[in-house]
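The following exercises are to be worked through with the sequence and the three-dimensional structure at hand. Each task is followed by a solution in steps.

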Amino acid sequence: MIFVFSGTGNSFDAAKRISGAGIGGGLVDMAPRVRYKRYSYDAAGEDVGFVFPVYFYGLPSIVKEFASNVTVKNPGRVFCVATCGEESGGAGEMLAECLGDRLKVDAFHDVVMPDNSVFMFDAPTKEQVDATMESAGREIDAIIASLKAGESGDLMRHKGDRDWREIYPQYDEYRVTEPFRATDKCIQCRICEELCPEQAIMFYHRTPVWDEEKCCLCMGCLQLCPKAAIEYGEGTESRGRYWNPVFYEKTLGLPFKYDE
């Protein structure tokens, strides 16, 4: 089984390709598992993967919560693949710390994919996305080959040299929901409410409201809004939007089938 968390599709894309290559079996979405506190699994000898994006050089809050509580019986080899905009920082190390003695990761991998941190940077252009995805495809193919060969150890190529323990605390400061708002471009399609992995968005008087103090900051609501009607503070007003093409069905409000 491959446990996956994805806000705008990069990690889902990577996990789907790895699973499609015959590694790890089906995909299990971590978000509802955290919501309903479903943390016990039996891998029945299958390889176990963790595929997730890197936030502030570490783990998204959902992944951190899941990894801190999950138990897996009868696992095969255990691996992780962290998707990142530029550097994966301490994501692998942090995952291992959260898993503790309950599960040992045999192989750590990372892959650079388009950055969706629109609250800090402009979204990549189509040309940049195309170039990054072409490179990412080659990296994922190499990861698949490495997993099939049974290679072990820290095989992450994009960790960088910054101290992730100094950077990661900023994540908690940014993931407040107060800066989110819907503009008058909103058509009340409710897609943001449906796709929010934490169900932190509710509609009141035909307006989306973030009724939780904090969220995981996946940016799915903002990036996947079909009318670009959601903003985070003032900085995103002039910035583009990004989502991975395999995630497009979410913009139509369709349920996403993680469990295969």
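**Exercise 1: Arginine 102**

In this predicted model, arginine 102 is in contact with Ala67, Ser68, Asn69, Val70 and Thr71, leaving aside its neighbours within four places in sequence.

Task: Determine where arginine 102 lies and whether it counts as buried, partly exposed or exposed.

Solution.
1. Arginine 102 is placed in the loop between helix H4 (91–99) and strand S7 (107–112).
2. Buried means under 20% relative accessible area and exposed means over 50%, with partly exposed in between.
3. The relative accessibility of arginine 102 is 33%, and therefore this residue counts as partly exposed.
4. As a further point, proline 169 is 67 residues apart from arginine 102 along the chain, and their C-alpha atoms are separated by 25 Å.

**Exercise 2: Helix H3**

Task: State which residues of helix H3 (residues 61–69) are buried, and name what covers them.

Solution.
1. The buried residues of H3 are Ser61, Ile62, Val63, Phe66 and Ala67.
2. An α-helix has 3.6 residues a turn, so residues three or four places apart point the same way.
3. The cover over the buried residues of H3 includes strand S1 (2–4), helix H2 (30–35), strand S3 (40–42), strand S4 (48–53), H4 and helix H7 (169–174).

**Exercise 3: Strand S4**

Task: Establish how many residues of S4 are buried, which way they point, and which strands pair with S4.

Solution.
1. In S4, 6 of its 6 residues are buried.
2. Val48, Phe50 and Phe52 point one way from the strand, whereas Gly49, Val51 and Pro53 point the other way.
3. S1 pairs with S4 in the parallel sense over 3 bridges; glycine 49 in S4 is the bridge partner of isoleucine 2.
4. Strand S6 (residues 78–84) also runs parallel to S4, joined to it by 6 bridges. Here valine 51 stands opposite valine 81 in S6.

**Exercise 4: Asparagine 244**

Task: Locate asparagine 244, decide whether it is buried or exposed, and identify the polar contacts of its side chain with asparagine 10 and aspartate 13.

Solution.
1. Asparagine 244 is found in the segment after strand S12 (230–232).
2. Its relative accessibility is 0%, and so asparagine 244 counts as buried.
3. Leaving aside neighbours within four places in sequence, asparagine 244 is in contact with Thr8, Gly9, Asn10, Asp13, Met113 and Met133.
4. The side chain of asparagine 244 makes a polar contact of 3.2 Å with the side chain of asparagine 10 and another, of 3.1 Å, with the side chain of aspartate 13.

Note on methods: Residues are numbered from 1 along each chain as its sequence is written. This is a predicted model: local features need pLDDT of at least 70, side-chain atom pairs count only at pLDDT 80 or more; totals for chains, interfaces and linings use all residues. Side-chain values use heavy atoms; hydrogens and water are left out. Helices (H or I, at least four residues) and strands (E, at least two) are DSSP runs, numbered from the N terminus. Buried means under 20% relative accessible area, exposed over 50%, partly exposed in between (1.4 Å probe, protein chains only). Contact means heavy atoms within 4.5 Å. A polar contact is a pair of N or O atoms within 3.5 Å; within protein, one must be able to donate a hydrogen and the other to accept it, and residues adjacent in sequence count only if both atoms are side-chain atoms. Two strands pair if DSSP finds at least two bridges between them.
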